[in-house]
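Please work through the exercises below with the sequence and the structure at hand, and try each task before reading its solution.

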Amino acid sequence: MPQFGTVTPAATCPVHVTRLMPDGQDADLVAGYATGKHDVIICRTRLGQPYYYGQVTGLPGTGLLMPAQETPDGYLARNGLYRYEIRGQEVIVTLRGQELRRTTLIEVAPS
């Protein structure tokens with residue numbers, strides 16, 4: 001299980017993700033995950049701000065980037081009334097506090 005607060009970035013955040021960041025910031029890849037239907041990428045800017053990026057696998061045009069915050073178990077990002085929480089080996093999506101789905105994450109990066 002990744003230790004989110006202690007991960008040493010091993011790679012640069014993918015360009016298609018950094019292009020969406022404010023001012024096109026450089027960022028380090030913290031973790032990349034696959035769920036079978038979605039890809040999830042966590043990057044951290046040089047200033048320390050984490051970002052959550054999610055997309056339908058194979059369809060980069062579906063990508064959504066959100067500022068995130070670290071939690072004791074992973075990361076939390078918000079998009080309006082939706083919450084995307086990485087907790088251990090799962091991503092939990094909620095709307096207005098109601099759980100919509102809970103999906104197992106397979107870590108694919110950094111290697």
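The exercises that follow concern a predicted model, and each is solved step by step.

**Exercise 1.** Determine which residues and elements line the largest pocket, and how the lining divides by residue class.

Solution. Begin with the pocket itself, whose volume is about 230 Å³. Of the 16 residues that line this pocket, those closest to its centre are His38, Gly54, Gln55, Tyr84 and Arg101. Next, look for the elements that give two or more residues to the lining, and you will find β3 (38-45), β4 (50-56), β5 (64-71), β8 (90-95) and β9 (98-104). The largest share, four residues, comes from β4. Finally, sort the lining by class, which gives eight nonpolar, six polar and two charged residues.

**Exercise 2.** Describe the aromatic pair of the model, and decide whether each of its members is buried or exposed.

Solution. The count comes to one aromatic pair. Tyr52 and Tyr84 form this pair, with 5.6 Å from centre to centre and 40° between the planes, an arrangement that is tilted. Tyr52 belongs to strand β4 and Tyr84 to strand β7 (residues 82-87), so that the pair links distant parts of the chain, 32 residues apart. Because buried means under 20% relative accessible area, Tyr52 counts as buried at 4%, and Tyr84 counts as buried at 14%.

**Exercise 3.** Locate Asp73 and classify its exposure.

Solution. Asp73 is found in the loop between β5 and β6 (74-79). Its relative accessible area is 43%, and therefore Asp73 is partly exposed, since that class lies between 20% and 50%. Asp73 and Ile86 are 13 residues apart in sequence, while their C-alpha atoms are 7.4 Å apart in space.

Terms used
Residues numbered from 1 in each chain as written. Predicted model: local features only at pLDDT ≥ 70, side-chain atom pairs only at ≥ 80, totals over all residues. Heavy atoms only, no water. 1 Å grid on protein atoms, 1.4 Å probe; cavity = no way out; pocket = protein on both sides within 12 Å on 5 of 7 lines; lining within 4 Å. Points joined across faces, edges and corners; volume = space filled by probe spheres on them. Nonpolar A, V, L, I, M, F, W, Y, C, P; charged D, E, K, R; others polar. Buried < 20%, exposed > 50% of the residue type's maximum accessible area, 1.4 Å probe, protein only. Phe/Tyr/Trp six-rings, centres within 6.5 Å; stacked < 30°, edge-to-face > 60°.
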